[in-house]
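Okay, thanks for making room on the agenda. I'll put the sequence and the structure up, and then talk you through a few things.

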Amino acid sequence: MISHFVDVLEWGLLPVCIAGILLAGMDFKRQPRWKGYLIAGLILGALAGMASFYVQIVPNFINRSEHRYRLNYLILAFSLLVFALSFSASKDKKQQGLLAELRAIAAALFCGQSLLTCLSPIFLLTHDFVPYGGSFWETEVLVKLAGWCLGLAFLWLLFHAFRLTAEFSSGADQHSLRILLLGEIVLSLGEILLRLYSKGLLVRDRLFFELLAAVNNGRRTLTLLFLLGSLILPLELLIKAGRWSCFSDNPAERRKSLARVRSARRRAVLLIVLLLTTVLQLTVIHDLATQEVKLSEPEEYELSEKQALVDLSLLADGRLHRFAYQASGGEKMRFIALQKNPGSYVAALDACEICGASGYYERGHDVICKLCDVVMNRGTIGFAGGCNPIPLVFEIVGDHLLISREELESHAESFR
């Protein structure tokens with residue numbers, strides 16, 4: 001649940017914060033056509049985003065990595081446009097009007113582009129919710145869906161917190177906007193340059209490569225740093241609200257001033273809490289939730305000259321049991337065995353055709369692939385295909401499950 005919540009946040013954090021500040025600066029009442037720009041940008045972005053999602057779920061239709069790489073050019077272009085316009089100013093009224101119009105168009109384009117580049121990866125997260133042969137109503141699927149929905153809800157809350165706080169600001173909103181835009185520029189440019197470098201289109205230099213690798217490997221850390229930089233917005237508002245005068249001979253004016261101060265403080269505190277919560281979620285909580293699962297230690301079993309013998313009494317608890325076997329070629333193999341139902345047993349490699357020898361573990365009563373976190377349908381364990389463990393040929397003789405050495409040796413390549 002937490003991993004899906006965090007995945008949604010990582011794709012949408014910077015764009016929603018930027019969009020919140022941009023929309024706070026658009027006066028739709030005085031300039032109703034600006035709302036038209038925004039609606040048009042959002043519709044086009046949403047349609048393009050869903051089209052991008054669709055072409056990525058069609059098997060072998062498009063290279064996802066290359067597609068995502070190309071979208072970075074859009075992110076870079078529109079981020080640079082908004083960044084440049086944030087510095088534009090003029091004393092001439094006509095030029096001021098033109099610049100305001102350009103900023104509104106750029107804001108609409110940025111919001112549309114953000115929908116395009118964020119919708120497809122966020123919706124792609126749902127594509128593996130239901131395991132092969134599983135049901136949508138399984139607890140594991142619903143937990144993943146809940147984390148995904150909570151991520152979207154948190155992004156929506158963060159967007160409104162930035163918008164409401166920026167409405168009170170008189171300068172710090174532009175500083176925060178530039179910091180967040182700089183984050184988008186650095187991250188997208190880093191990914192573009194690394195891809196061009198890998199294609200041999202840039203001069204080979206070890207220091208340059210290490211810098212690009214550091215930017216791309218540290219995306220989450222950089223995102224958090226730029227996000228913390230945007231704290232200048234709520235902190236400035238808190239300081240400014242403390243200096244506002246609430247003294248007036250008119251009681252109504254005094255109440256109005258006090259209400260304005262309280263509102264400003266509440267908005268600033270809410271944004272600070274949300275930003276610090278985001279940092280906590282993306283660091284401590286995420287790391288705790290995604291700690292590498294350690295496979296249980298192999299159990300003892302009888303190994304004769306021709307076969308491996310597992311006592312059925314060991315499997316009577318219905319749990320997953322792991323065993324080790326060293327092949328003649330030196331490969332350190334693992335196999336698993338469990339009782340699916342009374343009188344029904346299964347033996348398989350602790351590996352699959354897709355994820356290799358990463359192994360399986362139990363979470364409650366579920367059998368989980370360690371690498372892809374897919375929940376196995378116990379009814380399909382023992383059948384080949386998908387992320388199921390590679391089945392082993394075995395037989396039940398008396399009180400033992402027997403697997404021939406020849407059968408185990410034939411699968412040694414799965415652990416090379």
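I'll go through pockets, then salt bridges, then strands. One caveat up front: this is a predicted model.

So, pockets. The largest one comes out at about 600 Å³. It has 26 lining residues, and the ones closest to the centre are G25, W34, L99, A100 and R103. If you want to find it on screen, look at the helices: α1, α2, α3, α4 and α6 each put at least two residues into that lining. Which helix gives the most? That's α4, with nine residues. As for the chemistry of the wall, we've got 13 nonpolar, eight polar and five charged residues.

Then there's the second largest pocket, with about 510 Å³ of space. This one has 18 lining residues, and nearest its centre you'll find V16, A19, L115, W156 and F159. The elements giving two or more residues here are α1, α2, α4 and α5, that last one being residues 139–166. Again α4 gives the most, this time seven residues. And what does the lining look like by class? For this pocket it's 16 nonpolar, two polar and no charged residues. So if you're thinking about the walls, keep in mind that the lining of the largest pocket has five charged residues, while the second largest has none.

Okay, salt bridges. Side chains of opposite charge can pair when their charged atoms come close. How many turn up in the whole structure? The search finds 12.

My pick to look at is D350 with R322, at 2.7 Å from N to O. This pair links distant parts of the chain: D350 sits in the loop between β5 and β6, R322 is in strand β3, and they're 28 residues apart. Buried or exposed, then? D350 is buried because its relative accessible area is 0%, under the 20% cut-off. R322 has 2%, so it counts as buried too.

Now put that next to R206 and E210, where the closest N and O atoms are 3.2 Å apart. These two are four residues apart in helix α7, which means about one helical turn between them. R206 is exposed, at 68% relative accessibility, and E210 is partly exposed at 41%.

Another one is E167 with R163, at 3.1 Å between the closest N and O atoms. E167 is at 41% relative accessibility, so it goes down as partly exposed. And there's a network as well: E66, R70, R195 and K199 are linked through salt bridges.

Last bit, the strands. β6 and β7 are antiparallel partners, with four bridges between them. Y361 has I368 of β7 as its bridge partner. The two strands make a hairpin with two residues in between, and G364 in the turn has a positive phi of about 70 degrees.

There's another hairpin at β9 and β10, also with two residues between the strands, and here it's G398 in the turn with the positive phi, about 65 degrees. That pairing is antiparallel over three bridges, and V397 is partnered with H400 in β10.

Which strand does β10 meet over five bridges? That would be β2, residues 307–311, running antiparallel to it. If you want a spot to check, A308 stands opposite I403 in β10.

That's my tour, so over to you for comments.

Note on methods
Residues are numbered from 1 along each chain as its sequence is written. This is a predicted model: local features need pLDDT of at least 70, side-chain atom pairs count only at pLDDT 80 or more; totals for chains, interfaces and linings use all residues. Side-chain values use heavy atoms; hydrogens and water are left out. Two strands pair if DSSP finds at least two bridges between them. A salt bridge is a side-chain nitrogen of Lys or Arg within 4 Å of a carboxyl oxygen of Asp or Glu. Buried means under 20% relative accessible area, exposed over 50%, partly exposed in between (1.4 Å probe, protein chains only). On a 1 Å grid over the protein atoms alone, a cavity is a set of points where a 1.4 Å probe fits but cannot get out, and a pocket is an open set with protein on both sides within 12 Å along at least five of seven lines; lining residues have an atom within 4 Å of a point. Grid points are joined across faces, edges and corners, and a volume is the space filled by probe spheres set on the points. Ala, Val, Leu, Ile, Met, Phe, Trp, Tyr, Cys and Pro count as nonpolar, Asp, Glu, Lys and Arg as charged, and the others, Gly among them, as polar.
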